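Trainee: I have a model open on my screen and would like to take a close look at one part of it. Could you walk me through that part, and then show me how its surroundings are built?

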Amino acid sequence: MEMLKKLQSTVQSTVSSAASSVLGNPVTREFEIRNHVASGGPGCLWKIYNGIKKTTKQEVSVFVCEKRQFERMNRRDRDAVIEAMKRGVTQLTRLRHPRLLTVQHPLEESRDSLAFATEPVFSSLANVLGNYENMPTPVPAAIKDHQLYEVEIKYGLLQVTEGLAFLHNDVKMVHGNLTPEVIILNKNGAWKVAGFEFCIPSSNPPDQAAFFPAKEYNENLTPLAQQTLNYHAPEYVLQCACDTPGDLFSLGMLFYAIFNQGKTIMDCGSSLLTYKRNIEQLGSLRMSVLGSVPDPVRECVKLMLNVEPTVRPDADQMSKIPFFDDVGAMTLQYLDTLLQRDNLQKSQFFKGLPKVMSKLPKRVLLQRVLPCLTQEFVNPDMIPFVLPNVLLIADDCSNEEFTRLVLPQLKPVFKVTEPVQIVVILLQKMDLLLSKTPAQDVKDHVLPMVYRAMESSMQPIQERCLAIIPTFSSMVDFSTMKHSIIPRIKTMCLQTSSLSVRVNCLVCLGKMLESLDKWFVLDEILPMLQEIPSREPAVLMGMLGIYKMTLEHKKLGIPRDVLATKVLPFLLPIVIDNGLNLKQFNAFMSVIKEMVRQVEQEQRTKLEQLHSMQEEQQRSSLAFTQVGPDDNKEQQNGGSDSMMDKIWSSFGLGGSKPVAKEPVAASMSGSPAASLRSSSSSLVDREEPAASLDMSPGRMPNQPAKVNLTLEEKQRLARDQEQQRRLKTQGPIAPQAAKPTSSSPKPRDLSKTLLDSKPMVPPSTGMMGSSQGMMGGSTGWSMMGSSTTTSMGMMGMTSTSSGMMGSGPNQSMMGMSSQGMMGMSSQGMMGTGGQGMMGKMSNQGMMGGTTGTSGFQGQTQAKPDLSSLDNLFGPPKQKVPMGQMTSQQQQPMGFSPLGGTNTGGMGGWPPPDISQQQQQQKPAQNLSRGDIMDFLG
């Protein structure tokens, strides 16, 4: 950050000093003066600034001479120096030659300065050789680190020699002060002659021999107002004679200074005496003194430094010495004279230029070769010959150099469509253009050129464009590829009548798939293949390549639904096309088989996952839909399957046999779990009686039907499950004697039928049941272990009883009630429970039917006093064992004569001390259905 601040302050101070020095100078009206870059002219009195012309924004250099640097001089010296400076600029403005510095704005004088504008300048040769007088502080790194290449020195000296030849032969003028300070290097590296402050024109008319009047050197005058003695010819000082060989002496000194790091043979300063002494030594100059000068030119330098003017070669002779016959120097010289050549000569030169450019330094290519080449862009016929060389230079440039030097020259070329070779060359170097061109310029200039090439009606341009696009497709952003390039390729593929163009379109798309998005390929590329009108084998193989690339590439891939519904139905008819040979047919079949394999694999994986999920759901619902083992066995051992059943079974659809209901006897088991399962089955059968016969396609074989329970049924089921859990965890229950409680029975009208009744069973803890009797018959149902029995009595009346499990925390028993009058008998069924005992009964008699209810009794209910009824009953009957009940049950169930014994009545119950184990030990083969019902009832 500090460096940036220092740089900013330096620039601001430089600009402010420049503004103050030229303030009021008329040159500021047309030019904007920027930073100070170099110095030049006699004694480096001219400060060189970069500038821009305000109207055209053209880059220029502004030379400024500040008068304040002459304040310490006397008036005569000051006036002499200012006059010489004005004279030199005025003379330079009149002269126009490629080897002379070009003046773009004449000299302007103000009270504080002199200023004029020229072509863009890099620096003076003196600055490059190490003379930093009147330079900005610090010295610019571009000048301080600037090193002259051999080819630059050779061609620079050749340019100076040609400039002197122009002055001597054409202008009839002697420069008079050829020094490194007056040799200016422009932005392109060309050496230009300036500094005409002490030039001497010929005084004779043009048709006569030139005569140059000499002017004697005045030691009393400031050296800034006279020639530099270190480069001055001896005849000027000693003989006061002036001629063109004097400039050749200065050129010889310039040769020596360039190859000797800016130092001259003589170092006289402003002393005339020292100068004369050095000239005497120069007469006996040895070759060893010129050791730093290259051998090819060393002899010529010695001739130019000869004290005799007649021995020195002239400028024309020097321009033809072998030293300048360098390939690089000759190439640069030819480039400077291109305007004098015809198109044939230019084309031959440009064809061989790449071989020479490989030997030239990069700076020379950018500063000297590139500007000369870009000048030919105005000639469309020469662009195909020039453009490869320009792009070859651009290949070695940095991005900044390319943007600053090359790209502005290429922008007009992007719009040229004729001749067609221009577009082809640009397409071949598209990777270079895209890598070095800024993104905005790519969008504005490069890609439009590609679009125009794709829309061209010329087949060679289309094919070349299609062949090149894949090479730079990865460098183009996806949005441009999606909306600009791919649609044009699709249009070209569908509308062209050329087979080769259509095939190249498919090949181009296939190569670009890697840089495209998967869904874009599925939505845009693959549907387009089915729209191609032609079916030539080459086109079909191109389409197959795209399908195969999309199928196998890990980034892309084709989903199974697209394969099954779009791709395979399109490819299968192509397989039987008569135009395919055996190799092409095998290629198609290989891809189709791979597609089928992928569809099979993905679909199988999906179905396996779904099947596992369905099995998991079925296992989670088995608590509601369990099927008993007897039912499964019955289904498995059913009748023989028909052929259609076997076929359906092979398809996994199962048979159509009805599933038998769970028998009622299964629900009569004495275990709580069996009671719970029987209750659940009863609910299922009641809710969906035909569920087991459902053979819908979605139903798996032997799969239980789904049960829809109401909220109340679910709550009952939850309570029963909780009760079952408690029954499993509780210990055995021992019967407890109930304490008798005093009761005041109401008067009852007892008939003779009550005389035959058995004594009441002692009450036990639990919940009392209720029974209801109705004339004709009734049906009873129960939750969780209910059973229904029917008994028939006299006069065709039936009675049913239903029991409900007790809700006590530790014990449950089924309450029973009995109804009977005038020959009616009632049989009850003992409900299943943990440890069931007969509850207390209450009898009421009515004509046609009776209803008895009993309330909920506590666990320690007292035994009622029935002594008053003892006289009403007969003597206690003998209890009949279970085996002797067979003969008595032969008569209709529930029917007995008045006063007879009713085995299904209360007296038929087994004593409470008979355990369940003893009941199960009875031989089942000796029991009738009535015996079982009496035993359970």
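Trainee: Over the ring of which residue does the charged end of Lys518 sit?

Mentor: Happy to help, and please keep in mind that this is a predicted model. The charged end of Lys518 sits over the ring of Trp519, 4.9 Å from the ring centre. Helix 22 covers residues 518-529, and it is one of the helices that the buried residues of helix 20 pack against. So let's move to helix 20, which runs over residues 478-495.

Helix 20 has 18 residues, and at 1.5 Å a residue it should span 26 Å. Its end C-alpha atoms are 24 Å apart, which agrees with that expectation. Even so, helix 20 has a bend of about 35 degrees at Ile485. A proline, Pro487, follows within four residues of the bend. Ile485 is buried, and so are Ser484 and Ile486. Other buried residues of helix 20 include Thr480, Met481, Ile489 and Lys490, with Met492 and Cys493 further along. Besides helix 22, the packing partners of these buried residues are helix 18 (439-454), helix 19 (459-472) and helix 21 (499-512). There is a second charge over a ring to look at here: Arg488 lies over the face of Tyr451, at 4.3 Å from the ring centre.

Helix 18 and helix 19 lead us on to helix 16, because the buried residues of helix 16 pack against both of them. Helix 14 (383-395), helix 15 (399-414) and helix 17 (430-436) are also packing partners of helix 16. Helix 16 covers residues 421-428 and is mostly covered, with 6 of its 8 residues buried. Those buried residues are Ile422, Val423, Val424, Ile425, Leu426 and Leu427. In the loop between helix 15 and helix 16 you will find Pro419. The peptide bond joining Glu418 and Pro419 is cis, with omega about -5 degrees. Another cis peptide bond runs from Thr137 to Pro138, with omega near -5 degrees. Pro138 has its place in the loop between helix 3 (125-128) and helix 4 (141-144).

Going the other way along the chain, past Trp519, have a look at Gly579 in the loop between helix 24 (560-575) and helix 25 (582-620). Gly579 counts as partly exposed, at 40% relative accessibility. Its C-alpha atom is separated by 7.2 Å from that of Glu536, a residue 43 places away along the chain. Leaving aside residues up to four places away in sequence, Gly579 touches Pro537 and Gln584.

Two more loop residues are worth a click for their backbone. Lys172 is not a glycine, yet it has a positive phi of about 60 degrees. You will see Lys172 in the loop between helix 5 (150-171) and strand 7 (173-174), and at 32% relative accessibility it counts as partly exposed. Gln261 also has a positive phi of about 60 degrees without being a glycine. Gln261 sits in the loop between helix 7 (245-259) and helix 8 (272-282), and with a relative accessible area of 67% it is exposed.

Since your question was about a tryptophan ring, let's finish with the rings that pair with each other. The model holds 8 aromatic pairs. One of them joins Trp46 and Phe116 edge-to-face, with 5.1 Å centre to centre and 85 degrees between the planes. Trp46 lies in strand 2 (residues 46-53) and Phe116 in strand 5 (residues 113-118), so the pair ties together parts that are 70 residues apart in sequence. Trp46 is buried, with a relative accessible area of 2%, and Phe116 is buried at 4%. Phe116 also pairs with Phe63, this time stacked, at 5.0 Å centre to centre and 15 degrees between the planes. Phe63 belongs to strand 3 (residues 59-66), 53 residues from Phe116, and Phe63 is buried too. Together, ring pairs link Trp46, Phe63 and Phe116 into a cluster.

Strand 5, the home of Phe116, runs antiparallel to strand 4 (residues 103-109), and 4 bridges join them. Within that pairing, His105 has Ala117 as its bridge partner. A hairpin of 3 residues connects strand 4 to strand 5. Stepping back, the whole chain has 32 helices and 14 strands, and 44% of its 937 residues count as buried.

Terms used. Residues are numbered from 1 along each chain as its sequence is written. This is a predicted model: local features need pLDDT of at least 70, side-chain atom pairs count only at pLDDT 80 or more; totals for chains, interfaces and linings use all residues. Side-chain values use heavy atoms; hydrogens and water are left out. Helices (H or I, at least four residues) and strands (E, at least two) are DSSP runs, numbered from the N terminus. The expected span of a helix is 1.5 Å times one less than its number of residues. The bend at a residue is the angle between axes fitted to the seven residues ending there and the seven starting there. Buried means under 20% relative accessible area, exposed over 50%, partly exposed in between (1.4 Å probe, protein chains only). Contact means heavy atoms within 4.5 Å. Rings of Phe, Tyr and Trp (its six-membered ring) pair if their centres lie within 6.5 Å; planes under 30 degrees apart count as stacked, over 60 as edge-to-face and the rest as tilted. A charge sits over a ring if NZ of Lys or CZ of Arg is within 6 Å of the ring centre and within 35 degrees of the ring normal. Two strands pair if DSSP finds at least two bridges between them.
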